Amino acid sequence: MASRQYELVYIVSPDATEQQLADLQALIEATVSRFGGSLDNTENWGRRKMAYEIGPHKEGVYVLHQITGAGDLVKELDRRLRVADQVIRHLLVRTDEELRVAERDRLRRREAAARRRAARGLPPEPEVAEPRVEGEAQDQDQAGREA
Amino acid sequence: MANDMERGGGRGRGQKGGDKGQGQRRTMFRRRRVCKFCAEKIDSINYKDVKMLASFIPERGKIQPRRLSGTCATHQRKVQVAIKRARQLALIPYVTD
């Protein structure tokens with residue numbers, strides 16, 4: 001089955017007790033494992049002030065999970081979070097595509113840099129990213145290389 | 001031609017008598033020519049990074065347009081998605097009065 005990476009952030013009501021928080025955590029873990037997914041990472045951001053009020057709440061407890069699993073797992077998780085009383089807001093997004101694109105870009109850039117270095121007769125590896133200061137300086141540099 | 005259109009647009013948007021401000025408006029905003037993300041080689045734009053996103057949100061809470069921030073199309077699109085996600089999570093306000 002297609003395995004994808006997701007990121008889940010949910011906001012729990014600040015009135016929730018430790019027990020309720022633990023229950024929610026357990027609920028998510030159970031759901032994830034039942035659908036054959038895995039919980040990669042959990043971060044508790046703790047209580048923080050929200051940018052706007054959601055219902056009667058001015059602050060909330062933020063929890064982040066990174067999950068690997070399939071689409072039906074996410075569907076079920078989404079449903080469960082929507083009906084959970086203590087959860088005032090949640091966001092569940094897929095991340096693997098973005099990560100892959102970022103990785104590809106990084107690789108492509110490194111290759112291009114290596115190629116440029118090779119063209120200048122330098123060893124491709126020592127890769128100290130020169131800080132770009134001025135667009136013009138960059139242009140001159142490039143012109144000099146071509147000449 | 002292009003000049004005419006631009007002036008027409010300015011008149012439509014501004015209030016009466018706002019024509020004179022045209023020349024000034026140019027200089028009011030600082031112009032960044034280079035896309036921040038291309039220049040600094042940042043690949044992924046994350047909705048959790050509120051500090052970074054804050055630089056694309058002026059006073060009012062709107063998303064700063066490309067013509068002001070100088071961001072390239074690809075990265076502006078990513079910024080836009082990130083800001084919208086952050087708004088859902090109440091990390092960033094939808095509007096500030």
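This report describes the secondary structure, one helix pair, the cysteines and several individual residues of a two-chain model. The model is predicted.

## The two chains

Chain A holds four helices and four strands. Read from the N terminus, its elements run β-α-β-β-α-β-α-α. Chain A has 147 residues, and 31% of them are buried. Among contacts in chain A with a separation of 6 or more, 70% join residues 24 or more positions apart.

Chain B has six helices and zero strands. Its pattern along the sequence is α-α-α-α-α-α. Of the 97 residues in chain B, 30% are buried. Here residues 24 or more positions apart supply 57% of the contacts with a separation of 6 or more.

## A helix pair in chain A

Helix 1 of chain A spans residues 18–34, and helix 2 of chain A spans residues 71–83. The two pack at an angle of about 155°, and their axes are 9 Å apart. Helix 1 of chain A is therefore roughly antiparallel to helix 2 of chain A, because the angle is over 145 degrees. Their crossing is right-handed.

Which residues of the two helices meet? Helix 1 of chain A brings A:L27, A:I28, A:T31, A:V32 and A:R34. Helix 2 of chain A brings A:L73, A:E76, A:L77, A:R80 and A:L81. By class, this contact has six nonpolar, one polar and three charged residues.

## Cysteines in chain B

How many disulfides does a search of the whole structure find? The search finds zero over all chains. B:C38 is in no disulfide, and its nearest cysteine sulfur is that of B:C35, 3.7 Å away. B:C38 is partly exposed, with a relative accessible area of 37%.

B:C72 gives a similar case. Its closest cysteine sulfur belongs to B:C38, at 3.7 Å. That is too far for a bond, because a disulfide needs the two sulfur atoms within 2.5 Å. A disulfide is a covalent bond between the sulfur atoms of two cysteines.

## Positive phi in chain B

Most residues other than glycine have a negative phi. B:K41 has a positive phi, near 60°, and is not glycine. B:K41 sits in the loop between helix 3 (36–40) and helix 4 (50–54) of chain B. B:K41 is partly exposed, at 35% relative accessibility.

B:A90 also has a positive phi near 60° and is not glycine. B:A90 lies in the segment after helix 6 of chain B. Is B:A90 buried or exposed? B:A90 is buried, because its relative accessible area of 1% is under 20%.

## Residues brought together in space

Three residues of chain B have a C-alpha partner elsewhere in the sequence. The table lists these pairs.

| Residue | Partner | Separation along the chain | C-alpha distance |
|---|---|---|---|
| B:V95 | B:E59 | 36 residues | 9.2 Å |
| B:G70 | B:R33 | 37 residues | 5.4 Å |
| B:I63 | B:I83 | 20 residues | 7.7 Å |

B:V95 is in the segment after helix 6 (73–88) of chain B. B:V95 counts as exposed, because its relative accessibility of 55% is over 50%.

B:G70 lies in the loop between helix 5 (66–69) and helix 6 of chain B. B:G70 is buried, with a relative accessible area of 15%.

B:I63 is in the loop between helix 4 and helix 5 of chain B. At 24% relative accessibility, B:I63 counts as partly exposed. Which residues does B:I63 touch, not counting residues up to four places away in sequence? B:I63 touches B:F56, B:Q76, B:Q80, B:I83, B:K84 and B:R87. One of these contacts, B:I83, is also the partner of B:I63 in the table, with the C-alpha atoms 7.7 Å apart.

Notes
Residues numbered from 1 in each chain as written. Chains lettered and ligands numbered in written order. Predicted model: local features only at pLDDT ≥ 70, side-chain atom pairs only at ≥ 80, totals over all residues. Heavy atoms only, no water. Buried < 20%, exposed > 50% of the residue type's maximum accessible area, 1.4 Å probe, protein only. Axes fitted to C-alpha atoms, helices over the stretch in contact; angles between N-to-C directions. Parallel < 35°, antiparallel > 145°, perpendicular 65-115°, else oblique. Left-handed = near helix turned anticlockwise from the far one by under 90°. Contact = heavy atoms within 4.5 Å. Nonpolar A, V, L, I, M, F, W, Y, C, P; charged D, E, K, R; others polar.
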